[in-house]
Amino acid sequence: MRPVSRGSRGKEVLDIQTRLRGLGLEVGREGADGHFGPQTELAVRAFQQARLLLADGVVGENTWAELVEAGYQLGERLVYLRIPPMRGDDVLDLQRRLNSFGFDSGPEDGIFGSLTEEALMEFQRNAGLNVDAILGESTLDRLQRVHKAELGVPGRKIPDRMGGYVGRSALEGVKISLDPGHGGTDRGHLGAEGLTEKQINLDLARRLADMLSARGAEVLLVRESDSHLGFSERAELINRWETEINLALHHNANTSVRAQGAATYYFANGTYFSEAGKRLAGYIVKELVEGLGRTDLHTHGRNFSCLREPDGLSVMVEPGFITHPAEGAALRRPQTIEAEAEAILRGLERYLRRS
Ligand SMILES: [Zn+2]
C-alpha cells in the first residue's frame with residue numbers, strides 16, 4: 001500500500017480513522033471525516049507507540065496490518081489453523097491464555113500457527129471438550145472461565161522462538177538469512193552526495209554473507225540485487241527457506257545531523273518479548289560499539305514486521321546513521337562496511353557460544 005499520512009484525503013483515511021476510533025482513539029473534532037489532519041496524526045502516533053511500532057505518524061504497511069489486527073477481539077470470529085495463518089489480537093489473547101495455563105502455544109505473536117493449534121487441542125483435551133482445534137463458542141467459554149488448577153498441567157515457562165536457542169555453538173551448518181532493507185524504487189534513508197541506504201544495506205549483507213559462508217553457515221540473501229521486495233514477500237522467502245536466524249540490515253537516519261550510533265532491535269509486543277532475540281541483539285550492538293567506536297544506542301524491543309514474521313529468531317541491526325556527517329561519510333568507504341560486517345559476525349558468534 002502507499003503510505004497514508006498528514007494531508008492525505010479519501011476512503012483510506014476514513015477507514016483508518018474509523019479503526020482508530022473503534023480502538024478508543026480520538027481523531028479530532030470533525031470525527032472520521034476522511035481528512036488526515038493533525039489530530040489523526042496524533043492518534044496514529046499514540047497507536048504506534050502503544051503497539052511498539054515506529055511512531056512516525058504515517059500509516060504504512062506495518063501500521064496498517066496492526067490496525068486491522070487490533071480490531072479483532074476474542075469471540076468475534078472462529079479462529080483456527082489455515083493458510084495464510086489467521087492473525088490478530090484475538091489470536092494473541094488466545095496465545096497468552098494458553099501459555100498462562102501452561103500449554104505451549106509458542107511465541108505470543110498473534111499469528112495462529114501449528115504450535116498454537118497443538119496447544120489449543122491440548123487445552124480442549126484437558127478441559128474435556130470436543131477436540132476440533134477450532135476456537136469457537138464452547139472452547140472460548142471454557143477458556144474464559146476455567147481455573148488453572150482444574151486443568152492439571154504443570155506450569156511451564158513461556159516458550160521463545162525456536163525454543164529460545166539454536167542447538168549449536170558455532171556457525172557451521174546454521175541457516176542464516178540476511179535481509180538488506182529497501183531496494184529498487186524504495187531507496188531507504190538518504191545520505192549526502194547521493195548515498196542511499198538500500199545500497200549500503202546490500203553491501204553490508206553481501207560482505208556478511210561471504211564471512212558467514214566461509215565459516216560454514218548456510219546463507220540466504222533475501223535480496224541479491226537492487227530490487228524491490230514487499231515485507232510479506234521477504235517473510236515468505238525467509239520462512240520457506242526455514243531460517244534459524246534472520247538479520248534485517250538497515251542504517252539509521254535523523255533530521256538532526258547530530259544523531260549517530262548503533263542500535264539493534266528484537267521482537268516485543270508489550271507483554272511478550274523474545275529472550276533469545278534480546279540476547280543476540282545485545283551482543284551485536286555491543287560489538288558494533290566496541291569494534292567501531294559507535295555511540296551505544298542500545299537494543300530495543302519492537303513489534304516490527306521483520307522481527308515478528310520470521311519463524312526463526314529475528315533481529316534488526318542499524319549499525320550507524322547515514323545522515324551524520326562523519327558516520328555518513330565513513331559509510332562510503334568499503335572498509336567501514338567490512339568492519340560493520342565483522343562486528344555483526346562477532347556478535348553472532350558470541351551468541352552461539354553462549355546458547
Ligand atoms: Zn531502513
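The following exchange goes through a predicted model of one protein, from confidence and domains to its sheet, a helix and some single residues.

Residues are numbered from 1 along each chain as its sequence is written. Because the model is predicted, local features need a pLDDT of at least 70 and side-chain atom pairs count only at pLDDT 80 or more, while totals for chains, interfaces and linings use all residues.

Trainee: What pLDDT does the protein average?
Mentor: The pLDDT is the predictor's confidence in each residue, from 0 to 100. Under 50 it stays over residues 155-159, for which the model has 8 contacts beyond four places in sequence, a contact being a pair of residues whose C-beta atoms, placed from the backbone, lie within 7 Å. Over residues 161-165 the pLDDT is also below 50, with 14 contacts in the model beyond near neighbours in sequence. Nevertheless, 94% of the residues score at least 70, and the protein averages a pLDDT of 91.

Trainee: How far apart do the C-alpha centres of domain 1 and domain 2 lie?
Mentor: The domain bounds come from an automatic or database domain assignment, which divides the protein into domain 1 (11-63), domain 2 (89-159) and domain 3 (164-354). Between the C-alpha centres of domain 1 and domain 2 the distance is 32 Å.

Trainee: Which strands stand at the edges of the open sheet?
Mentor: Strands (E, at least two residues) and helices (H or I, at least four) are DSSP runs numbered from the N terminus, and two strands pair if DSSP finds at least two bridges between them. The open sheet has 6 strands in the order β2-β1-β3-β6-β4-β5, with mixed pairing. Each edge strand has a single partner strand, so one side of each is left without a neighbour in the sheet; these are β2 (218-221) and β5 (296-302).

Trainee: In what sense do β4 and β6 pair?
Mentor: Strands of a sheet pair through backbone hydrogen bonds, either parallel or antiparallel. On the β3 side, 5 bridges join β3 to β6, which run parallel, and isoleucine 245 has leucine 313 in β6 as its bridge partner. For β4 (residues 262-267), alanine 263 has glutamate 318 in β6 as its bridge partner, and the 4 bridges between β4 and β6 are antiparallel.

Trainee: How many residues of β6 are buried?
Mentor: A residue counts as buried if 20 or more other C-beta atoms lie within 10 Å of its own, exposed if 12 or fewer, and partly exposed in between, with C-beta atoms placed from the backbone. Leu313, Val315 and Val317 on one side of β6 are buried, as are Ser314, Met316 and Glu318 on the other, and both faces are covered. The strand is therefore largely enclosed by the rest of the structure, with buried residues numbering 6 of the 6.

Trainee: What distance does helix α13 reach from its first C-alpha to its last?
Mentor: Helix α13 (residues 334-354) has buried residues that include Ile337, Glu340, Ala341, Ile344 and Leu348, and what covers its buried residues includes α8 (197-214), β3 (245-249), α10 (275-292) and β6 (313-318). The expected span of a helix is 1.5 Å times one less than its number of residues. For the 21 residues of α13 the expected value is 30 Å, and the distance reached in the model is close to it, at 31 Å.

Trainee: Is histidine 182 buried or exposed?
Mentor: Histidine 182 is in the loop between β1 and α8, and it has a positive phi of about 70° although it is not a glycine. Glutamate 242, in the loop between α9 (231-240) and β3, also has a positive phi, of about 60°, but with 11 C-beta neighbours inside 10 Å it counts as exposed. Histidine 182 has 22 other C-beta atoms within 10 Å, so it is buried.

Trainee: Which residue does isoleucine 83 join through a cis peptide bond?
Mentor: The partner is found in the loop between α3 and α4 (89-100). The omega of the bond is about -5°, and the residue joined to isoleucine 83 is proline 84.

Trainee: How far apart in space are glutamate 69 and serine 232?
Mentor: Glutamate 69, in helix α3 (residues 61-70), is partly exposed because it has 18 other C-beta atoms within 10 Å. Beyond four places in sequence, glutamate 69 touches Arg87, Gly88, Asp89 and Gly110. Serine 232 is 163 residues away in sequence, and the C-alpha to C-alpha distance is 15 Å.

Note on methods: Two residues are in contact if their C-beta atoms, placed from the backbone, lie within 7 Å.
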